[in-house]
Amino acid sequence: LTQHASGMDIVGVLAVAFWAMLPAYVPNNAAVLVGGGPPIDGGRTWNGRRLLGDGKTWLGTAGGIVAGAALALGLNTIHSTVSDAVAGLPEFTLVAAITLPAGALLGDIGASFLKRRTGRERGAAFPGLDQLDFVVGSLGLTVVLAPGWFFETFTLPVLAVVLVITPVLHVGTNLVAYMLSLKSEPW
Ligand code: CTP
Ligand code: K
Ligand code: MG
């Protein structure tokens, strides 16, 4: 296969962005599947509203982190094979394999906190925040705890592509989950 000696073409940038973010994309969907049981906030309220709400559970959070980390380590095992076709795909360090999904769910939890503070009930939409909370969380936690891996992987073009494809993928997967009756709202 031909590969340009200098720079990476747009397909390469897209591939790196998607590959690197997969462990951050999966946890929210995994949480939908395994979520349930005691909520993280234990039912506590603040100014008459739930701290986070029943939609943020220990089980969903743990399941999402395990799913995302397992995916990252799974991608590592096929890395050498896939690298023959696509150059520049990163291998996940153990720390990045954990911070990507954990940060994604932290961002989602932070968004729920903001939703409750702004009077939105569980499941209410918060356009913009819904699509980007987990990107900010996963990239934020990763840049802090795995800065070397972060800057090696997320060059400016890759970061730009992540910010464009993430909302699109988020809207698409949630719509599919809704149509499959896995999720009660299409966002
Ligand atoms: N979920 C969970 N734990 C998490 C995140 C999600 O158990 N940390 C599960 C819950 O069953 C949740 C569902 O996944 O209802 C959908 O997730 P999400 O849309 O993020 O939660 P909402 O129910 O919409 O709640 P909120 O308004 O607080 O975002
Ligand atoms: K959410
Ligand atoms: Mg929701």
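Here is a walk through this predicted model, from its helices to its core, its salt bridges and its surface.

Let's start with helix H1, which covers residues 10–34. With 25 residues at 1.5 Å a residue, H1 should span 36 Å, and its end C-alpha atoms are indeed 36 Å apart, so the expected and computed spans agree. That doesn't rule out a bend along the way: H1 has a kink of about 50° at Leu 22, shortly before the proline Pro 23. Once H1 is over, look for Gly 36, which takes a positive phi of about 145°.

A little further along the chain come strand E1 (45–46) and strand E2 (49–50), with Asn 47 in the loop between them. Asn 47 isn't a glycine, yet its phi is positive, near 55°. How buried or exposed is Asn 47? Its relative accessibility is 72%, and that is why Asn 47 counts as exposed, the cut-off being over 50%.

Next up is helix H2, residues 58–83. H2 has 26 residues, and the distance from its first C-alpha to its last is 36 Å, close to the 38 Å expected at 1.5 Å a residue. H2 is kinked too, by about 45°, with the kink centred on Thr 77. Its buried residues are worth clicking through: Gly 60, Thr 61, Gly 64, Gly 68, Ala 69, Ala 72, Leu 75, Asn 76 and His 79. Why would buried positions in a helix recur at steps like these? An α-helix has 3.6 residues a turn, so residues three or four places apart point the same way. You can follow that kind of step in H2 from Gly 60 to Gly 64, Gly 68 and Ala 72, which are among the buried residues.

Helix H3 runs over residues 94–117. It has 24 residues and reaches 35 Å between its first and last C-alpha atoms, close to the 34 Å expected at 1.5 Å a residue. Just after H3 sits Gly 119, with a positive phi of about 80°. Inside H3, have a look at Leu 105. Leu 105 counts as buried because its relative accessibility is 4%, and buried means under 20%. Leu 105 and Leu 59 are 46 residues apart in sequence, and their C-alpha atoms are 12 Å apart in space.

Now for the inside. In soluble globular proteins, nonpolar side chains tend to be buried together. Here, the largest nonpolar core has 28 residues, and the members that touch the most others are Met 21, Phe 92, Leu 139, Trp 149, Phe 154, Val 158 and Val 162. Which elements give two or more residues to this core? They are H1, H2, H3, helix H4 (129–145), helix H5 (147–153) and H6. H1 makes the largest contribution, with nine residues.

Charged side chains come next, with five salt bridges in the structure. One of these pairs Lys 56 with Asp 108, with the closest N and O atoms 2.8 Å apart. This pair links distant parts of the chain: Lys 56 belongs to the loop between E2 and H2, Asp 108 belongs to helix H3, and the two are 52 residues apart. Lys 56 and Asp 108 are both buried. Another salt bridge joins Lys 115 to Asp 130, at 2.9 Å between the closest N and O atoms. Since Lys 115 is in helix H3 and Asp 130 in helix H4, this pair ties together parts that are 15 residues apart in sequence. Again, Lys 115 and Asp 130 are both buried.

Arg 50 forms a salt bridge with Asp 41, and here the closest N and O atoms are 2.9 Å apart. Arg 50 is partly exposed, at 21% relative accessible area, whereas Asp 41 counts as buried at 2%. Through shared partners, salt bridges join Asp 41, Arg 50 and Asp 54 into one network.

Finally, turn to the surface. A nonpolar patch of about 830 Å² is made by Val 32, Leu 33, Val 34, Leu 175, Val 176, Tyr 178, Met 179, Leu 180 and Leu 182. H1 and helix H6 (156–179) each supply at least two of its residues, and H6 has the largest share, with four. Leu 180 comes in the segment after H6 and is exposed, with a relative accessible area of 57%. Ser 181 is found in the segment after H6 as well. Ser 181 has a positive phi of about 65° although it is not a glycine, and at 64% relative accessibility it counts as exposed.

Definitions and conventions: Residues are numbered from 1 along each chain as its sequence is written. Chains are lettered from A and ligands numbered from 1 in the order in which they are written. This is a predicted model: local features need pLDDT of at least 70, side-chain atom pairs count only at pLDDT 80 or more; totals for chains, interfaces and linings use all residues. Side-chain values use heavy atoms; hydrogens and water are left out. The expected span of a helix is 1.5 Å times one less than its number of residues. The bend at a residue is the angle between axes fitted to the seven residues ending there and the seven starting there. Patches are made of residues with over 30% relative accessible area and no salt bridge: like charges are joined within 9 Å, nonpolar side chains (Val, Leu, Ile, Met, Phe, Trp, Tyr) within 5 Å. Accessible areas come from the Shrake-Rupley method with a 1.4 Å probe; for residues, only the protein chains shown count as cover. A salt bridge is a side-chain nitrogen of Lys or Arg within 4 Å of a carboxyl oxygen of Asp or Glu. Buried means under 20% relative accessible area, exposed over 50%, partly exposed in between (1.4 Å probe, protein chains only). A nonpolar core is a set of buried Ala, Val, Leu, Ile, Met, Phe, Trp, Tyr and Cys residues joined through side-chain atoms within 4.5 Å.
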